[in-house]
Amino acid sequence: MKAYIFPGQGAQFVGMGLDLYENHAIAQELFEQANDILDFSITDIMFEGTPEDLKQTKVTQPAIFLHSVILSKVMGENFWPDMVAGHSLGEFSALVANGTLNFEDGLKLVSQRAMAMQKACESQESTMAAVLGLDDEVVEKICAEVPGIVVPANYNCPGQLVISGEVKAVNIACERLKEAGARRALLLPVGGAFHSPLMEPAREELAAAIESTNFREPACPIYQNVTTTAVTVSNEVKGNLIAQLTAPVKWTQSVQNMVNDGAKNFVEIGPGKVLQGLVRKIANDVETSSGIIE
């Protein structure tokens, strides 16, 4: 069985999507449509902007979404998933790819999500840190003991967990994690505490937009970050998508469940190869590849 997986924030690079735009009429059409929907030329930033321009959350999230979704459209009949999953933002790309959301609604929600998250980041100083070389249970225990808000945010693969929260609490947690034997505990260059309780204002804002958007029944199961198990009912998809902003991304558990349900081949659709590397660390007996156009 083939699983298609979609990357999240951090996979962007200048020039992303340009080859699709130049070589495929459907890609050109969708990129131009995106410029109209967003009311600014995201293609200019994607194709020839600076890394700093591209790093703005309001640009990064729609850019990665567009690259992923348009690549899946260009693949045409070669895109035929038995199941899908996306890492954080990538969940929206996966939902367009499996027919739950249409292109326009998916892009609008991603743009609203990015703006709401940016606002939440600006309202309170917060951060995230990558922790390498410790069992998840140790990280969870130390986070629970630190005063203030610091929580596990991204379960990326065994031995790699990202924590998120208030700056002071994250710094204290990093020191304690190093004392507990972490190989590394380093702050990440992000704008705020994604997938933590500090994203509650963004969650409330996005919830209203998601509730008023039409979701169709998925053409194939999606393994969502919050539940980690196969979801095929649109109302469940909505609820999980809303919860995702303040809940951890359980990528390790999602991939394990996909493998348990028969996934043998994981195809990453979008910029970069980060998810392929994580999948190989979670399940070393599966095949991984990038989506290609034949």
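Lys238 touches Ile210, Glu211, Thr213 and Phe215, leaving out residues up to four places away in sequence. The model described here is predicted. Lys238 sits in helix H11, which spans residues 234–243. Lys238 is buried, yet it has no salt bridge. The nearest side chain of opposite charge belongs to Glu211, 4.3 Å away. A salt bridge requires a nitrogen and a carboxyl oxygen within 4 Å, so this pair does not qualify. The backbone of Glu211 offers another partner: its oxygen lies 3.2 Å from a polar atom of the Lys238 side chain.

Salt bridges do occur elsewhere. The count comes to six. Three of them are described here, beginning with one in helix H7. The side chains of Glu104 and Lys108 meet with N and O 3.0 Å apart. Both residues lie in H7, residues 103–123. They are four residues apart, so about one helical turn separates them. An α-helix has 3.6 residues a turn, so residues three or four places apart point the same way. Glu104 counts as partly exposed because its relative accessibility is 33%. Lys108 is also partly exposed, at 38%.

A second salt bridge joins Glu145 and Lys141. Their closest N and O atoms are 2.8 Å apart. Both residues belong to helix H8, residues 136–145. Here too the spacing is four residues, about one turn of the helix. Glu145 has a relative accessibility of 46%, so it counts as partly exposed. Lys141 has a relative accessible area of 52% and is therefore exposed. The cut-off for exposed is over 50%.

A further salt bridge links the side chains of Arg203 and Glu200, with N and O 2.9 Å apart. These residues lie in helix H10, residues 200–211. They are three residues apart, so the separation is again about one helical turn. Arg203 is partly exposed, with a relative accessible area of 23%. Glu200 is partly exposed as well, at 25%.

Ser196 lies in the loop between strand E6, residues 184–187, and H10. Is Ser196 buried or exposed? Its relative accessible area is 0%, so Ser196 is buried. Neighbours within four places in sequence aside, Ser196 is in contact with Val151, Ser164, Leu245 and Thr246.

Strand E4 covers residues 150–157. E4 is mostly covered, with seven of its eight residues buried. Its partner is strand E5, residues 160–166. The two strands pair in the antiparallel sense over six bridges. One bridge joins Cys157 to Gln160 in E5. E4 and E5 form a hairpin with two residues between the strands. In this hairpin Gly159 takes a positive phi near 85 degrees.

Helix H6, residues 90–97, is also mostly covered. How many of its eight residues are buried? The answer is eight of eight. These buried residues are Gly90, Glu91, Phe92, Ser93, Ala94, Leu95, Val96 and Ala97. Just after H6, Gly99 takes a positive phi of about 85 degrees.

Contacts connect H6 to a distant part of the chain. Ile222 is found in strand E7, residues 222–223. With a relative accessibility of 0%, Ile222 counts as buried, because buried means under 20%. Which residues are in contact with Ile222, leaving aside neighbours within four places in sequence? They include Glu91, Ala94 and Leu95. Val84, Ala85 and Asn98 are also among the contacts. Thr229, Ala230, Val231 and Val237 complete the list. Ile222 and Gly86 are 136 residues apart along the chain. Their C-alpha atoms are nevertheless separated by 8.5 Å.

Aromatic side chains add another set of pairs. The structure holds five aromatic pairs. Tyr21, Phe31 and Phe47 form one aromatic cluster.

Notes. Residues are numbered from 1 along each chain as its sequence is written. This is a predicted model: local features need pLDDT of at least 70, side-chain atom pairs count only at pLDDT 80 or more; totals for chains, interfaces and linings use all residues. Side-chain values use heavy atoms; hydrogens and water are left out. Buried means under 20% relative accessible area, exposed over 50%, partly exposed in between (1.4 Å probe, protein chains only). Lys and Arg count as positive and Asp and Glu as negative; His and the chain ends are not counted. A polar contact is a pair of N or O atoms within 3.5 Å; within protein, one must be able to donate a hydrogen and the other to accept it, and residues adjacent in sequence count only if both atoms are side-chain atoms. Contact means heavy atoms within 4.5 Å. Two strands pair if DSSP finds at least two bridges between them. Rings of Phe, Tyr and Trp (its six-membered ring) pair if their centres lie within 6.5 Å; planes under 30 degrees apart count as stacked, over 60 as edge-to-face and the rest as tilted.
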